[in-house]
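Hi everyone, thanks for coming. I'd like to take you through a structure I have been looking at, so let me put it up on the screen.

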Amino acid sequence: MIKLGHGHDKLSREIKKLSGINFNACLHCKCCTNACPFLEGMDYHPNQVIRLVQLGLEKKVLESSTIWVCVGCNTCCSHCPMAIDIPAVMDSLRQMALEQGVKIAEPDILNFHKEVLKTVEKYGRTHKLEIMMRYKLKKMDLLSDMGVGLKMLKKRKLDLTPSKIKEKASLEKIFKK
Amino acid sequence: MKKSSKNSLQKFSFFPGCSLKASGHENTDSIYKFCKLINVELVELDDWNCCGSSSAHSVDREVAKNLPMRNISLAPKGMPLMVACPSCMIRLQQTYLHIKQSEKLRKEYEENWGTFDENLKIVHFFEIFEQINLEDSVENPKEKLNKIKVAPYYGCMLYTPPDMRFGKSYYGLMEKSLKSLGAQIIEYGYSTQCCGTYLSVAKPRIAQNVVNRVISKAMEAGAECIVTACSMCHLNLEIRCTIKDSIPVLHFSELLSMALGEKDHKKWFPRHIVDPIPLLKKRGLL
């Protein structure tokens with residue numbers, strides 16, 4: 001039995017405000033979970049994440065792997081009979097996890113996102129080779145997956161030089177902190 | 001011989017996106033060539049930037065909003081903006097929709113990026129199939145793809161956020177157009193399962209399982225090749241497949257251009273991990 005503490009709905013109110021999504025319409029029918037292709041990497045199913053938020057179990061949900069493994073493919077919300085934008089809820093949970101500085105369950109995925117945005121901030125476009133090199137360096141793991149990297153280079157799937165935008169000034173505007 | 005095209009010239013500004021422009025060059029080239037063959041002119045959006053991809057909305061919502069805004073502001077007036085990457089399409093169209101719906105966001109846009117074009121049309125590459133007649137673009141269309149057995153793969157492109165649910169659904173478009181050009185369509189049940197996108201880098205094992213499932217199911221159903229609509233899907237299906245003697249993965253645009261008689265395709269196939277040339281030769285397409 002879960003005893004709900006006083007103010008347990010604080011989390012759900014905050015996530016609702018951040019995402020603009022009314023996930024309390026969730027029927028827990030599990031259509032989302034049955035449709036999700038990535039359950040094997042998740043500790044909680046998508047509908048369970050919604051439930052954790054509803055119950056106000058903040059630490060559990062913000063430290064879950066699910067919020068990072070979700071790629072936002074929209075398969076879940078396309079199957080949802082209540083049309084709940086679950087990926088948008090995941091976006092808000094990730095944002096809250098970062099702001100609160102909780103333990104990130106999937107640091108590799110976060111590092112990957114950071115490296116992607118670094119190349120976008122530098123060039124205005126992503127540069128796959130640099131993203132992968134820096135990601136592997138940070139992970140201190142250059143050797144695993146080497147075969148795939150070499151195959152990609154051989155088949156020229158990784159451009160050596162970045163594609164850049166001309167108007168650099170707008171990047172400052174986009175990435176203003 | 002190609003008939004004089006019955007399709008009148010249409011012009012689009014074109015947003016390629018990073019996956020096409022900085023990796024899937026064979027996809028970009030075949031899109032341009034296909035469009036030329038059906039009398040559609042593409043003008044690359046000048047100085048476009050990354051749409052933000054999955055990473056921006058995952059970790060930085062301000063950046064996720066600003067990146068598509070700049071692209072929208074670059075679009076020339078009076079010309080629809082065509083996007084070929086399904087993921088970029090969602091980022092651009094959803095941002096556009098949100099600006100239209102929110103006065104606050106519109107104000108923010110106009111302060112930073114200038115006047116908002118209320119009439120801008122953002123369309124996916126698939127939209128042109130509504131306006132052209134493929135069969136009219138070539139003689140004896142039914143013979144062109146010589147019964148090649150294709151398994152169309154949409155990945156997640158048919159799934160949209162709920163606020164975009166009332167847009168067009170393109171389910172069946174690849175089947176319909178490839179069939180009209182003489183291909184045999186293989187049903188295999190996994191055509192709309194997401195390819196795993198960036199999990200391919202950060203969680204390769206998960207991506208590998210997803211990709212192997214899609215390709216093995218297509219092979220079991222008798223497909224000779226898979227046809228993708230997205231450059232990112234194409235990359236993942238190629239690099240994460242560990243099935244022995246796997247089948248080739250072709251871009252939709254590659255097969256379309258070849259069916260319409262495009263001969264300048266030598267640069268496309270060396271970029272594929274599973275060489276499609278033996279299959280294309282066997283079917284008399286090369």
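Let me begin with one residue, B:Asn27, which sits in helix α2 of chain B, residues 25-37. Please keep in mind that what you see is a predicted model. Is B:Asn27 buried or exposed? Its relative accessible area is 5%, so B:Asn27 counts as buried. If we set aside the neighbours within four places in sequence, the contacts of B:Asn27 are B:Leu20, B:Ser231, B:His251 and B:Ser253.

Those numbers take us to the domains of chain B. The assignment gives domain 1 as 10-125 and domain 2 as 140-282. Taken over C-alpha atoms, their centres are 24 Å apart. Across the boundary, 25 residues of domain 1 of chain B are in contact with 27 residues of domain 2 of chain B.

Now for chain A. How many helices and strands are there in chain A? The count is 11 helices and 0 strands, so to speak an α-only string when you read along the sequence: α-α-α-α-α-α-α-α-α-α-α. Along the principal axes, the C-alpha atoms of chain A fill a box of roughly 55 × 40 × 30 Å. Chain A has 177 residues, and 51% of them count as buried. Take the contacts in chain A between residues at least 6 apart in sequence: 63% of these join residues at least 24 apart. Chain A also has two assigned domains, domain 1 at 10-100 and domain 2 at 107-161, and the centres of these two, again over C-alpha atoms, are separated by 28 Å.

Next, a helix I would like you to zoom in on: α6 of chain B, residues 103-113. Which residues of α6 in chain B are buried? They are B:Leu105, B:Glu108, B:Tyr109 and B:Trp113. These buried residues span an arc of only 100 degrees around the axis, and therefore lie on the same side of α6(B). Turn to the face pointing away from that buried side, and you find the exposed residues B:Glu103, B:Lys104, B:Lys107 and B:Glu111. And what covers the buried residues of α6(B)? The cover includes α4 (61-74) and α5 (86-101) of chain B, together with α11 (169-174) of chain A. Chain A shows up here again with A:Lys173, which lies over the face of B:Trp113 at 4.3 Å from the ring centre. Just past the end of α6(B), B:Gly114 has a positive phi of about 95 degrees.

That brings me to the rings. Over all chains, there are 16 aromatic pairs. One of them is A:Phe112 with A:Tyr135, an edge-to-face pair at 6.3 Å centre to centre and 85 degrees between the planes. A:Phe112 belongs to helix α8 (residues 107-123) of chain A and A:Tyr135 to helix α9 (residues 128-138) of chain A, so this pair ties together parts 23 residues apart in sequence. Both A:Phe112 and A:Tyr135 are buried.

In chain B, have a look at B:Phe15 and B:Trp48. Their ring centres are 5.3 Å apart with the planes at 70 degrees, so this pair is edge-to-face. B:Phe15 is in strand β1 (residues 10-15) of chain B, whereas B:Trp48 is in the loop between β2 (40-44) and α3 (53-59) of chain B, so the pair ties together parts that are 33 residues apart in sequence. B:Phe15 is buried at 0% relative accessibility, and B:Trp48 is buried at 0% too. Over the face of B:Trp48 lies A:Arg125, at 3.8 Å from the ring centre.

There is a ring cluster in chain B as well, where ring pairs link B:Phe34, B:Phe125, B:Phe126, B:Phe129, B:Tyr170 and B:Phe252.

Last topic: cysteines. A search of the whole structure gives 0 disulfides over all chains. Why is B:Cys85 without a bond? The closest cysteine sulfur, in B:Cys88, is 3.6 Å from the sulfur of B:Cys85, which is too far for a bond. B:Cys85 is buried, with a relative accessible area of 7%. For B:Cys225, the closest cysteine sulfur is in B:Cys241 at 14 Å, again too far for a bond. B:Cys225 is buried as well, at 0% relative accessibility.

That's my tour; thanks for listening, and I'm happy to go back to any view.

Notes. Residues are numbered from 1 along each chain as its sequence is written. Chains are lettered from A and ligands numbered from 1 in the order in which they are written. This is a predicted model: local features need pLDDT of at least 70, side-chain atom pairs count only at pLDDT 80 or more; totals for chains, interfaces and linings use all residues. Side-chain values use heavy atoms; hydrogens and water are left out. Buried means under 20% relative accessible area, exposed over 50%, partly exposed in between (1.4 Å probe, protein chains only). Helices (H or I, at least four residues) and strands (E, at least two) are DSSP runs, numbered from the N terminus. The arc is that of the directions from the helix axis to the C-beta atoms. Contact means heavy atoms within 4.5 Å. Rings of Phe, Tyr and Trp (its six-membered ring) pair if their centres lie within 6.5 Å; planes under 30 degrees apart count as stacked, over 60 as edge-to-face and the rest as tilted. A charge sits over a ring if NZ of Lys or CZ of Arg is within 6 Å of the ring centre and within 35 degrees of the ring normal. Domain bounds come from an automatic or database domain assignment. A disulfide is a pair of cysteine sulfur atoms within 2.5 Å.
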